[in-house]
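Dear colleague,

I am passing on the structure we spoke about, and below it you will find my notes on what turned up when I went through it. Please read them with the sequence and the model open beside you.

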Amino acid sequence: MSRLIVQGDLITDRRIIPEQILVCEEGKIVYAGPKRDEVPDLVVSKGYIVPGYVDIHIHGSHGFDVMDGTLESLEGIAISLAGYGVTTFLATTLTGDLGQLIKVLQTCREFTGESRPGAQLAGIHLEGPWINKKHKGAQNEVHIVPPSLEDAKQLVEAAGGLLKIVTLAPEHPEAAEVIEYLRNNGVKASVGHSEAAYQDVKNALAHGLSHVTHCYNAMRGLHHREPGVVGAAMYHDELTTELIADGIHVHPVVMSILHRIKTTDRTILVSDGMRAVGMNDGEYELGGLRVFVQNGEARLADGTLAGSTLTLERAVQNMVRLCGVAIADAVAMASEVPAKIIGLGDRKGRLAVGYDADLVITDELLNVRKVFIGGTEFERQE
């Protein structure tokens, strides 16, 4: 029987619980509580034991990109993410033509068909092509199209149940029926890369819109006479919000404002990482566009931000260091909250009996030291 026992200060359920023991058997947590008698094979943490991080918006890492459409790239991403404490992720696409997107989704289905090393691919986040050209960011304008119910049906079918989130611009006239179709098929519709007015977002809520992609970035901002997408995100409690907490995409003060308004329950830390994560500065490719990375910032030639080189490990640290967020809340925004958003809240994101034995041992500064996926230690690549 596969068994893992770890001892240390647990961070779960928005609390730091000192001197606890986790016992994991066959990939599940079977005991979580106070220290018991001495046991063999004990892994002792001098920092924290936290739930495995869940990244619901990640395009690539370590030279690989989801849009490569290959099993090799997905495996490369999964292995590299685990090194940063991510144990579960959504493979996130970019704007492309329908045929390319269908191929990528089918490759994701094949990837989940057998056991793979690294972080577990739990689904797909389709970002584009149903966005607004005005806020395209680093998305390739050539392939941007209005939402289409026919296309939505093809993509949902191609994903085979893996599609979890779709980012779109709800101001398109055709968006309402697509949002309803997605909701009825268990897919979250998210507003992003959008010029929607506040009323557009409010109307879309009635059809099933429930999420906001990388809040503040690539969307109509808050104005005192037109609340825009950002105003709607802040005002409506039913909207959960992603945040790229690198201090580059969003100023730390504005990061703090979002957290104060949306609270931990509705704020999800995402990386929006691209293939330059973990790589040296230089030139890269994103959705067919040239991206230049300098001092860790990824930008197109015109200066537009193009994804990020952020990891969830650093995002959690940044919320604590730059925004003064409590450690337990910062951890929850990268584990418990995103797990709930994608329907895995009964299996992942907490250190509790019955949950998957996905856990991370960190030092006192939340640097990742050991990663366990399904109770098995992941051999980190240095």
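Helix H8, which covers residues 312–323, has 12 residues and reaches 15 Å from its first C-alpha to its last, close to the 16 Å expected at 1.5 Å a residue. Please keep in mind here, and throughout, that this is a predicted model. Within H8, the buried residues are Leu 312, Glu 313, Ala 315, Val 316, Gln 317, Asn 318, Met 319 and Cys 323. In reading such a list it helps to remember that residues three or four places apart in an α-helix point the same way, because the helix has 3.6 residues a turn. After H8 comes Gly 324, and the phi of this glycine is positive, near 70°.

Turning to the surface, Val 253, Ile 257 and Ile 261 make a nonpolar patch of about 230 Å². Ile 261 has its place in helix H7, residues 252–262, and it counts as partly exposed because its relative accessibility is 37%.

The search for aromatic pairs gave a count of 1. The pair consists of Tyr 198 and Tyr 235, whose ring centres are 6.4 Å apart and whose planes stand at 75°, so it is classed as edge-to-face, for which the planes must be over 60 degrees apart. The two tyrosines link distant parts of the chain, since Tyr 198 lies in helix H5 (residues 198–207) and Tyr 235 in helix H6 (residues 228–235), 37 residues apart. Their surroundings can be described separately: Tyr 198 counts as buried, at 16% relative accessibility, whereas Tyr 235, at 62%, counts as exposed.

For the cysteines, the count of disulfides comes to 0. Cys 215 is in no disulfide, and the nearest cysteine sulfur, which belongs to Cys 323, is 14 Å away; a disulfide would need the two sulfur atoms within 2.5 Å. Cys 215 counts as buried, with a relative accessibility of 0%, and Cys 108 likewise counts as buried, at 1%.

Charged side chains gave a longer set of notes, as a search of the whole structure finds 21 salt bridges. One of them joins Arg 3 to Glu 25, with the closest N and O atoms 2.9 Å apart. This pair links distant parts of the chain, Arg 3 being in strand E1 (residues 3–12) and Glu 25 in strand E2 (residues 15–25), 22 residues apart. Glu 25 is partly exposed, with a relative accessible area of 22%.

Another salt bridge is formed by Arg 347 with Asp 356, where the closest N and O atoms are 3.2 Å apart. Here Arg 347 counts as partly exposed, at 34% relative accessibility, while Asp 356 is buried, with a relative accessible area of 9%.

The side chains of Arg 369 and Asp 363 also meet in a salt bridge, at 2.9 Å from N to O. Arg 369 counts as partly exposed, at 49% relative accessibility, and Asp 363 is buried, with a relative accessible area of 13%. Finally, salt bridges that share partners join Lys 28, Arg 347, Lys 348, Asp 356 and Asp 358 into one network, and the bridge between Arg 347 and Asp 356 was described above.

With best wishes

How values were computed: Residues are numbered from 1 along each chain as its sequence is written. This is a predicted model: local features need pLDDT of at least 70, side-chain atom pairs count only at pLDDT 80 or more; totals for chains, interfaces and linings use all residues. Side-chain values use heavy atoms; hydrogens and water are left out. Helices (H or I, at least four residues) and strands (E, at least two) are DSSP runs, numbered from the N terminus. The expected span of a helix is 1.5 Å times one less than its number of residues. Buried means under 20% relative accessible area, exposed over 50%, partly exposed in between (1.4 Å probe, protein chains only). Patches are made of residues with over 30% relative accessible area and no salt bridge: like charges are joined within 9 Å, nonpolar side chains (Val, Leu, Ile, Met, Phe, Trp, Tyr) within 5 Å. Accessible areas come from the Shrake-Rupley method with a 1.4 Å probe; for residues, only the protein chains shown count as cover. A salt bridge is a side-chain nitrogen of Lys or Arg within 4 Å of a carboxyl oxygen of Asp or Glu. Rings of Phe, Tyr and Trp (its six-membered ring) pair if their centres lie within 6.5 Å; planes under 30 degrees apart count as stacked, over 60 as edge-to-face and the rest as tilted.
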